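Me: I'm new to reading protein structures, and I'd like a close look at one part of this one. Could you walk me through it slowly?

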Amino acid sequence: MNHSRDSALEELQRIGMVTDRTYRLVEPRQPLLLAVWGAVYFLGFGAFWVDVRFGEGTPTAGPIALFVCAAGGLLVTALELHKRLHGFGGGTMRQVRRAFVAWGLVVVIWGALVTVYVVSRPVMESVALGTTAAALAVLLIGAWYVIVTTGRGGGTIVGLGLVSVGAAGLVVPTPENAMLVVWLGTSAVFLVGAPCARVLAAREREARLASNG
Amino acid sequence: MAELEVNEILHAPARLNIMAALNAIGDEDKVSYTRLREIVDLTPGNLTSHLRKLESSGYVAQTKRFVKRVPVTEIRMTRKGRREFEAYVEALRTFVRQVGGSVAAADETKRSGT
């Protein structure tokens, strides 16, 4: 039995549609996650900056707001990953586990560097410490992003953006300005990254469908 | 005129759907039976019978394991399955290009009345 042109085209279209449906069901929605983390940093670092700018010397509400927002961001990320990847085993799940282990490592490295910073400067304002710790965290998260998204252009650009913002936050002289750079820079990287990721995903989808008739 | 023989294993729409879905998933990935059913939208009876056919042809492999004492069947595409599927898709594309070209040429001939 041989194919007719129509039956061959029909099979190609079926393959294209099933491939597209599979990607839509199993790929974590990158634009959503970037937007959520953009909101996390905008609100969390925003509260931190208000503390630094108008507070009485010791940040209080800022770190708490940041912690609450970050916990919310982590919850949304975990739910999205579970929704998309449940029932999967093998390579993808190993990658996700590695990414989480690397993230834990980033937290440990961050804690160690902040400790070294505190020990090396016995006389220091807590505002300066908070700002430095925030900038350092952004720099390390950026490096983590670059590593875990190797080979995926969009993610690497977000990572490099965060590294730049973190580095800038470390060199800007006053805590107030440094926190402003970290707050606006980090939020901008994620909030600009979200629509860009949406455009990239739409282009990839079009290319996928076009390649199968 | 170009010809392309039908691959009897992949020609069935349900089996083609299963293979396309497994091909879209990563090389080293396994997917549970229930998740695959959700992706390809088949009834349990249909999915089981088509998986059996694909497994007997060496296109997919099924393994069973227990997660918290609940049996879970995991399915993955074998290397042979991926190779055959990719070759089949490539053959379909080439065929459509060739036949598309010859149909267009025939139409052009008819129109010019030669």
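Which residue of β1(B) does A:Gly89 stand opposite? Please start there and then show me what surrounds that spot.

Reply: Happy to, and please keep in mind that this is a predicted model. A:Gly89 stands opposite B:Lys30 in β1(B). Next to that pair, A:Gly90 stands opposite B:Asp29, again in β1(B). Both pairs belong to a strand pairing that crosses from one chain to the other: strand β1 of chain A, residues 88–90, and strand β1 of chain B, residues 29–32, are joined by three bridges and run antiparallel.

Let's look at the chain A partner for a moment. Chain A has seven helices and one strand. Read from the N terminus, its elements go α-α-α-β-α-α-α-α, so you can find the strand by looking for the β in that order. The overall outline of chain A is worth a glance too. Its C-alpha trace spans about 85 × 30 × 25 Å along the principal axes. The radius of gyration of chain A is 21 Å, while a compact globule of 213 residues would have one near 17 Å.

Now turn to the chain B partner. Besides its link to chain A, β1(B) is joined by two bridges to strand β3 of chain B, residues 70–77, and these two strands run antiparallel. Here B:Ser32 stands opposite B:Glu74 in β3(B). B:Glu74 also has B:Thr63 standing opposite. That second pair leads us to strand β2 of chain B, residues 60–67, which pairs with β3(B) in the antiparallel sense over eight bridges. The hairpin of β2(B) and β3(B) has two residues between the strands, and B:Lys68 takes a positive phi near 50 degrees there. As you trace these strands, here is a handy rule: in a regular strand the side chains alternate between the two faces of the sheet.

Let's step back to the meeting of the two chains. In this interface, 32 residues of chain B are in contact with 32 residues of chain A. In chain B, the residues that lose the most area to chain A are B:Arg35, B:Ile39 and B:Val96, together 20% of what that side buries. Taken together, chain B and chain A bury about 2,800 Å² between them, with 59% of it on carbon and sulfur atoms.

What about charges and polar groups? Side chains of opposite charge can pair when their charged atoms come close. Between chain B and chain A the count is one salt bridge. The side chains of B:Glu28 and A:Arg94 meet in it, at 2.7 Å from N to O. The interface also has 14 residue pairs in polar contact, with both residues at pLDDT 80 or more.

Several elements of chain B take part on the side that touches chain A: those giving two or more residues are α1 (8–11), α2 (13–24), β1, α3 (33–40) and α5 (79–112). Of these, α5(B) gives the most, with 10 residues. The residues on this side of chain B divide into 18 nonpolar, four polar and 10 charged.

So your starting pair, A:Gly89 and B:Lys30, sits in a pairing of three bridges between the chains, and β1(B) is joined on to β3(B) as well.

How values were computed: Residues numbered from 1 in each chain as written. Chains lettered and ligands numbered in written order. Predicted model: local features only at pLDDT ≥ 70, side-chain atom pairs only at ≥ 80, totals over all residues. Heavy atoms only, no water. Pairing = 2+ DSSP bridges. Helix = DSSP H or I, 4+ residues; strand = E, 2+ residues; numbered from the N terminus. Contact = heavy atoms within 4.5 Å. Buried area = accessible area lost by both parts, 1.4 Å probe. Salt bridge = Lys/Arg side-chain N within 4 Å of Asp/Glu carboxyl O. Polar contact = N/O pair within 3.5 Å; in protein donor to acceptor, adjacent residues only side chain to side chain. Nonpolar A, V, L, I, M, F, W, Y, C, P; charged D, E, K, R; others polar. Rg over C-alpha atoms; globule rule 2.2 N^0.38 Å.
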